[in-house]
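Visitor: I am new to this structure and would like a close look at one part of it. Please show how a helix in it packs and what else holds on to that helix, and then go on to other places of the same kind.

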Amino acid sequence: MPHTDPQKILKQYWGYDQFRPLQSEIIQSVLNGKDTLALLPTGGGKSICFQVPSLAQEGICIVVSPLIALMKDQVQNLQKRNIPALAIYSGMHYKEIDRLLDNCVYGKVKFLYLSPERLATDLARERIRQMPVNLLAIDEAHCISQWGYDFRPPYLQISDIRTLLPKVPILALTATATPEVVGDIQEKLLFKNQAVFCNSFARSNLAYIVRKEEGKEQKLLEILKNVPGSGVVYVRNRRRTKEIAHFLRQKGISADYYHAGLEMTIRSAKQDAWINDKIRIMVSTNAFGMGIDKPNVRVVVHLELPDSLEAYFQEAGRAGRDGQKSFAVMVYNEGDKRNLERQYAQAFPELEEVRKVYRALGSYLQLAIGGGKGQSYDFDIAVFSQHFQLETILAYNALRILEQEGWISLSEAVFTPSTLRINVNKDQLYDYQLRHPQMDKVLKAILRSYQGAFSDFIYLNERKLAEFLKIPSAQLKQALLMMQQDQILEYLPQNDQPQLTFLADRLDADHLSIDIKRYNFRKNRFLERIQKAVAYCEDNICRSQQLLHYFGEKDAPACGICDVCLEQKKKGLSAENFARLQEKIKRILLHEPLTPQEILESFAPKMKTEILEALQFLQGEGDLEEQDGKCRWIRK
């Protein structure tokens with residue numbers, strides 16, 4: 001059938017008149033049936049690249065993503081635009097998955113989001129055979145490569161699906177990929193042709209700054225006072241998020257903290273407050289920011305060295321998506337380097353320790369040897385570690401190795417609402433109500449409040465239903481569980497726990513195989529990434545150039561606005577002349593705040609370049625700040 005015009009679809013569903021750079025070319029490549037790899041920076045509009053071409057054709061688009069929260073967010077955004085979309089991920093009940101897959105086969109669903117683990121199941125593959133698939137989109141495609149920083153073994157099985165969909169093109173998308181990873185993605189996904197679209201990773205409005213400081217908190221305070229507007233502060237552990245947020249609030253800065261250990265409702269409330277500018281600064285672990293499109297973030301500060309430039313680039317790139325001048329600041333010290341070295345030593349425990357954790361896992365979940373493949377469990381690593389008297393960091397790293405070897409999968413905590421379906425017909429239910437009058441009121445309230453409970457699973461809000469019935473929530477849940485025991489209904493309570501999924505049947509731990517060659521390869525790659533992160537901070541080379549070189553842009557020019565470039569510009573003036581300029585600028589601004597143009601008028605016209613460079617340097621050093629278009633001197 002002929003394609004609908006992508007431009008019309010963009011306008012109809014998103015209200016945009018124009019595509020962003022490269023989006024149109026990527027979409028046309030997909031519509032031409034070509035396997036396509038799109039490398040777009042954070043905030044570059046990757047989702048549009050598969051959503052528009054799929055809407056332009058008959059059929060359904062299958063989207064593979066490892067990030068459950070991001071899948072749910074995209075599904076909600078599509079549904080708000082009246083585009084039918086579903087997501088299937090770890091922790092969902094088998095019958096719920098079965099129902100959703102049926103909807104994709106027989107309904108009008110346009111987008112099916114799947115985790116790679118779910119894509120690999122026999123149930124999903126059997127249904128995919130029956131679906132009119134028009135595109136297979138692979139988000140976070142770098143996860144397929146062991147050269148990447150976030151390798152996920154289930155991604156390697158994605159290529160198997162191509163035998164079921166031989167004529168369907170693949171669109172692979174990622175925000176960060178080195179040249180090795182770019183090649184690996186195409187090879188592992190069995191690309192039939194080479195169609196790679198890559199925007200430069202350069203961010204001309206983003207100034208990368210590195211500061212080596214022992215007093216990190218005071219430096220952070222100075223940065224946030226110098227740079228007005230919304231910001232994110234990244235730290236390495238949950239305890240620090242709370243400490244730093246408390247410190248900032250004591251200093252009069254609106255701040256809150258965020259990490260994956262918080263309840264889903266609390267996390268959502270904190271995130272919404274920050275997005276809507278009710279909170280200025282969010283202090284977070286790396287759990288925060290993925291999939292959040294907040295354009296006016298003015299500053300992202302890292303208070304610890306990251307363990308890879310890929311992770312740093314993605315997190316720093318959340319600043320300045322609106323194109324306005326913004327800052328990505330790294331504050332580090334010698335202690336950070338020692339922490340990274342310690343992290344490297346801990347990240348690869350001895351293989352006997354890995355077997356010990358695997359053995360404990362089977363015991364903890366009461367899983368028989370020879371069973372468990374495809375089963376998911378609520379999993380709290382702190383409780384697990386305490387139960388077996390394991391160091392939490394050791395247990396976590398052992399589980400990561402088991403994940404990288406394809407034995408298990410760990411997913412982030414994600415909120416799954418309660419669902420309910422009535423299993424009997426109306427006559428049988430009426431008979432049950434007569435025999436169990438204490439359940440009659442509950443059942444009537446469910447039938448009155450929710451449509452379709454006889455034919456399908458419905459989403460249930462226990463708190464609202466309990467309020468309507470004027471009974472405690474605990475009493476309502478007990479009644480629902482009792483009716484489930486009587487086989488009147490199926491009730492799946494809400495869940496927001498992290499999930500652990502067995503990707504293969506449980507073995508005797510002594511027979512657990514770990515590929516030593518792969519293990520050592522990943523260990524060496526981890527060390528290389530740490531060394532690159534340290535070099536980024538310590539090499540006296542333009543920060544932007546270093547990042548772009550890492551991602552394959554070998555001829556990138558110096559940015560002119562990072563701390564290294566500003567320092568070199570300063571050296572272009574003699575120290576004496578620069579000091580004289582600095583003193584005069586200080587004198588002028590202490591008298592009154594002025595616009596840059598008004599400052600220039602106080603100097604000879606031929607000094608324009610030197611004055612502008614000096615102003616930029618002084619702002620980067622924290623001597624002055626620009627607010628409401630005017631510069632004011634703040635250094636005492």
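Guide: What follows starts at one helix, α21, and then moves on to other helix pairs, salt bridges and single residues. The model is a predicted one.

Two packed helices are described by the angle between their axes and the distance between the axes. Helix α21 packs against helix α22, which covers residues 543-550, at an angle of about 155 degrees. The two axes are 9 Å apart. Angles over 145 degrees count as roughly antiparallel, and α21 and α22 are therefore roughly antiparallel to each other. The crossing of α21 past α22 is right-handed.

The residues that touch can be listed from each side. From α21 come Arg-529, Lys-532, Ala-535, Tyr-536, Cys-537 and Glu-538. They meet Arg-543, Gln-546, Leu-547 and Tyr-550 of α22. Sorted by class, this contact between α21 and α22 has 5 nonpolar, 1 polar and 4 charged residues.

Another residue of α21 takes part in a salt bridge. The side chain of Arg-518 meets that of Glu-405, with N and O at 2.8 Å. Arg-518 belongs to helix α21, residues 516-538, while Glu-405 sits in the loop between α16 (392-404) and β15 (408-411). The two are 113 residues apart, and the pair links distant parts of the chain. Their surroundings can be put in figures as well. Arg-518 has a relative accessible area of 30% and is therefore partly exposed. Glu-405 has 11% and is therefore buried. Elsewhere, salt bridges with shared partners join Glu-217, Arg-239, Arg-240, Glu-243 and Glu-304 into one network.

Over the whole structure, a search finds 36 salt bridges. One of them is formed by Asp-336 and Lys-216, whose closest N and O atoms are 2.7 Å apart. Asp-336 is part of helix α13 (residues 334-347) and Lys-216 is part of helix α9 (residues 216-226), so this pair ties together parts that are 120 residues apart in sequence. Asp-336 and Lys-216 are both buried.

Helix α13 also holds a salt bridge between two of its own residues. There the side chains of Glu-334 and Lys-337 meet, N to O, at 3.4 Å. Because Glu-334 and Lys-337 are 3 residues apart in helix α13, about one helical turn separates them. Glu-334 counts as partly exposed, because its relative accessibility is 29%.

Next come two more helix pairs. Helix α17 (residues 426-435) and helix α18 (residues 437-449) have axes that come within 6 Å and cross at roughly 140 degrees. That angle makes α17 oblique to α18. On the α17 side the contact involves Leu-429, Tyr-432, Gln-433, Leu-434 and Arg-435. On the α18 side it involves Pro-437, Met-439, Asp-440, Leu-443, Lys-444 and Leu-447. By class, the residues in the contact of α17 with α18 are 7 nonpolar, 1 polar and 3 charged.

The other pair is helix α23 (residues 563-572) with helix α26 (residues 608-620). Their axes come within 10 Å and cross at roughly 135 degrees, which makes α23 oblique to α26. The crossing of α23 past α26 is left-handed. Leu-566, Glu-567, Lys-569 and Lys-570 of α23 make the contact with Glu-613, Gln-616 and Phe-617 of α26. The contact of α23 with α26 has 2 nonpolar, 1 polar and 4 charged residues.

Two single residues complete the tour. Arg-125 is placed in helix α7, residues 122-130. With a relative accessible area of 17%, Arg-125 is buried. Apart from neighbours within four places in sequence, Arg-125 is in contact with Leu-119, Ala-120, Gln-157, Asp-160, Ile-161 and Leu-164.

Gly-33 lies in a loop, the one between α2 (23-31) and β1 (36-39). Its relative accessibility is 46%, so Gly-33 counts as partly exposed. From C-alpha to C-alpha, Gly-33 and Tyr-491 are 44 Å apart in space, and in sequence the two are 458 residues apart.

How values were computed:
Residues numbered from 1 in each chain as written. Predicted model: local features only at pLDDT ≥ 70, side-chain atom pairs only at ≥ 80, totals over all residues. Heavy atoms only, no water. Axes fitted to C-alpha atoms, helices over the stretch in contact; angles between N-to-C directions. Helix = DSSP H or I, 4+ residues; strand = E, 2+ residues; numbered from the N terminus. Parallel < 35°, antiparallel > 145°, perpendicular 65-115°, else oblique. Contact = heavy atoms within 4.5 Å. Nonpolar A, V, L, I, M, F, W, Y, C, P; charged D, E, K, R; others polar. Left-handed = near helix turned anticlockwise from the far one by under 90°. Buried < 20%, exposed > 50% of the residue type's maximum accessible area, 1.4 Å probe, protein only. Salt bridge = Lys/Arg side-chain N within 4 Å of Asp/Glu carboxyl O.
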